[in-house]
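Q: Let's start at the outside with this one. Please take a close look at the surface, pick out any nonpolar patch, and then follow the chain inward from there.

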Amino acid sequence: MGCDGRLSGLLRRNLQPTLTYWIVFLSFGLCIAFLGPTLLDLRCQTHSSLSQISWVFFSQQLCLLLGSIIGGVFKRTLAQSLWALFTCSLTISLVFAVIPFCRDVKVLAAVMALAGLAMGCIDTVANMQLVRIYQKDSAIFLQVLHFFVGFGALLSPLVADPFLSEEDCLPVNGTANATSGSHLFHASRVLGHRSWSNGTLPGLSPPDRAGTRVSYAFWIMALINLPVPMAVLFLLSKERLVTCCPQRRPLLLSADELALETQPPEKEEASSLPPKIQSHPAHEDLFSCCQRKNFKGAPCSFFAIHITAALVLFMMDGITGVYSTFVYSYAVEKPLSVGHKVAGYLPSLFWGFITLGHLVSIPISSRMKPATMVCINVVGVVVTYLVLLAFSYNIIFLFVGTASLGLFLSSTFPSVLAYTEDALQYKGCATTVLVTGAGIGEMALQMLVGWIFQAQGSYSFLVCGVIFGCLAFAFYILLLFFHRMHPGLSSALTQDKPLGMESSECYQR
């Protein structure tokens, strides 16, 4: 009861910035899932082959990774963080609005690269700011943050679905050779959720065609996202970081502020929100982290915790990307041979249960340690893949396994992040390193599984999942081992606290 009261008190004191960071992640979720169902319409719009349009995926993922690395640069002050979030969320609305006018695949790839940069920056900055505010209590708030990713990823295909074209924009006759045709036909199943009714190979440029109805879906998503930058701008105004806003002092102090005013100076909190000016040593950008001089005396376990935690997320986030991309292709292949329309529900089911998992994890994370949640998630993923492998001929098990994977994968990232930051006592570069590791895993494992899938067949999809899950479990055991080796856990908390920890403990009493 006391813990719940303390958490609710923390939330009340930081309600507006917390809500803002949560809502900003809606932009991130909207951008994750819209390419899959709209890709074939975009191919018709850009008059490109599937091999060309697939580079749009790559450009977004690559720039998402770069944006995650660059995002750490904007953490030095609250003003930099909020202006970065405002710019990135507004950029995503502009990207949605501009996509219908991209008639060339290179232009579309460049636009999606810009969206990827914005997504990566949002990912790093929002995670950093929540960890900075709540520190040891950040697990439950990170769960809510990532719930909005799943919600946005679920919302995006639902908005697009009524506007997807039912017509085939491909030419009736195709002359592509068998090898390239087979490759592109495989790509059509992996990247799209609809079959080609006329049996032609999707390797040729379609004829000119008037604009598709899917443009309305992008404009609707742009409008849905527009309140997000407005919410960030409102927080900037409240924090008096907009130069045109008058500097007004409140007539009366709130009860919390009055209590802070009456505390002794040495017990005062640095800020009820993330500091506007001070730098937090736990959240440098990746390049600054690698160059920090005070890391010279750090024990080996300090670096090992960073690396093993990043490897856990490399595998787990990679599994998320691989499964959402290839489950449709696996389902329509033998031995299951599921119909295209039925198989199209699998990615939506997967993202729906990821969203549900984030929602369920919110109350659980307030009563369960992050390390325990990570263990349950990793073991659950391995067991689910083994069951799918054992019953690979059963369609019902495929749907149940898809839902189960969504639940277990949903809370992995926020749980690993909260556990790692706590293990490192909010020093080092855990947030930036973990976000970067997860981004690399999502991009690299998708490319690897795509190559293996085409070379070895659909059965390799589940085999790869088992291997990745077992590797994630092995890295998790190493993470626990290095955390146990990490010296001075109890003494370090009292002798060498990171900036802002004293204030957090003072408030929690």
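A: Starting with the outside as you asked: the chain exposes about 21800 Å², and carbon and sulfur atoms supply 67% of that area. Bear in mind that this is a predicted model. The fold behind that surface has 22 helices and zero strands. Of the 509 residues in the chain, 57% count as buried. Among contacts with a separation of 6 or more, 85% join residues 24 or more positions apart.

Now for the patch. About 850 Å² of nonpolar surface is made by Trp55, Phe58, Leu62, Leu66, Ile70, Val73, Phe74, Leu114, Leu117 and Met447. Two helices, H4 (50–71) and H6 (105–134), each bring at least two residues to it, and H4 gives the most, with five. Look at how the H4 members are spaced: Trp55, Phe58, Leu62, Leu66 and Ile70 come at steps of three or four along the helix. In an α-helix there are 3.6 residues to a turn, so residues three or four places apart point the same way. Ile70 belongs to H4 and is partly exposed, because its relative accessible area of 40% lies between the 20% and 50% cut-offs.

H4 and H6 also have cysteines worth a glance. Cys63, whose number falls within H4 (50–71), has 13% relative accessibility and so counts as buried. Cys121, with a number inside the H6 range of 105–134, is buried as well, at 5%. The closest cysteine sulfur to that of Cys121 is in Cys88, 3.7 Å away, and this is too far for a bond because a disulfide needs the two sulfurs within 2.5 Å. A search of the whole structure finds zero disulfides.

Just ahead of H4 there's a backbone oddity. His47 sits in the loop between helix H3 (35–46) and H4, and its phi is near 55°, a positive value in a residue other than glycine. With 25% relative accessibility, His47 counts as partly exposed.

The loop between helices H13 (300–332) and H14 (340–343) has two more oddities. Pro335 is found there, and the peptide bond from Lys334 to Pro335 is cis, with omega near 15°. Ser337 lies in that loop too; its phi is positive, near 50°, though it isn't a glycine. Ser337 counts as partly exposed, with 43% relative accessibility. For background, most residues other than glycine have a negative phi, and most peptide bonds are trans.

Met447 takes us back from the patch into helix H19, since its number falls within 430–456. H19 has 27 residues and reaches 37 Å from its first C-alpha to its last, close to the 39 Å expected at 1.5 Å a residue. This helix is mostly covered: 19 of its 27 residues are buried. One of its residues, Ala430, has 0% relative accessibility and so counts as buried. Ala430 and Thr420 are 10 residues apart in sequence, with 6.7 Å between their C-alpha atoms. After the other end of H19 comes Gly457, and its phi is positive, near 105°.

For a view of the interior, try Tyr385 in helix H16 (residues 370–390). Tyr385 counts as buried because its relative accessibility is 1%, under the 20% cut-off. Leaving aside neighbours within four places in sequence, Tyr385 is in contact with Ile319, Tyr323, Leu405, Leu462, Gly465 and Val466. Of those partners, Ile319 and Tyr323 have numbers that fall within H13 (300–332). The C-alpha of Tyr385 is 9.6 Å from that of Ser404, which is 19 residues away along the chain.

One last stop is Ile364, in helix H15 (residues 345–365). At 34% relative accessibility, Ile364 counts as partly exposed. Its C-alpha is separated by 8.1 Å from that of Ile140, even though their positions lie 224 residues apart along the chain.

Definitions and conventions
Residues are numbered from 1 along each chain as its sequence is written. This is a predicted model: local features need pLDDT of at least 70, side-chain atom pairs count only at pLDDT 80 or more; totals for chains, interfaces and linings use all residues. Side-chain values use heavy atoms; hydrogens and water are left out. Helices (H or I, at least four residues) and strands (E, at least two) are DSSP runs, numbered from the N terminus. The expected span of a helix is 1.5 Å times one less than its number of residues. Buried means under 20% relative accessible area, exposed over 50%, partly exposed in between (1.4 Å probe, protein chains only). Contact means heavy atoms within 4.5 Å. Accessible areas come from the Shrake-Rupley method with a 1.4 Å probe; for residues, only the protein chains shown count as cover. Patches are made of residues with over 30% relative accessible area and no salt bridge: like charges are joined within 9 Å, nonpolar side chains (Val, Leu, Ile, Met, Phe, Trp, Tyr) within 5 Å. A salt bridge is a side-chain nitrogen of Lys or Arg within 4 Å of a carboxyl oxygen of Asp or Glu.
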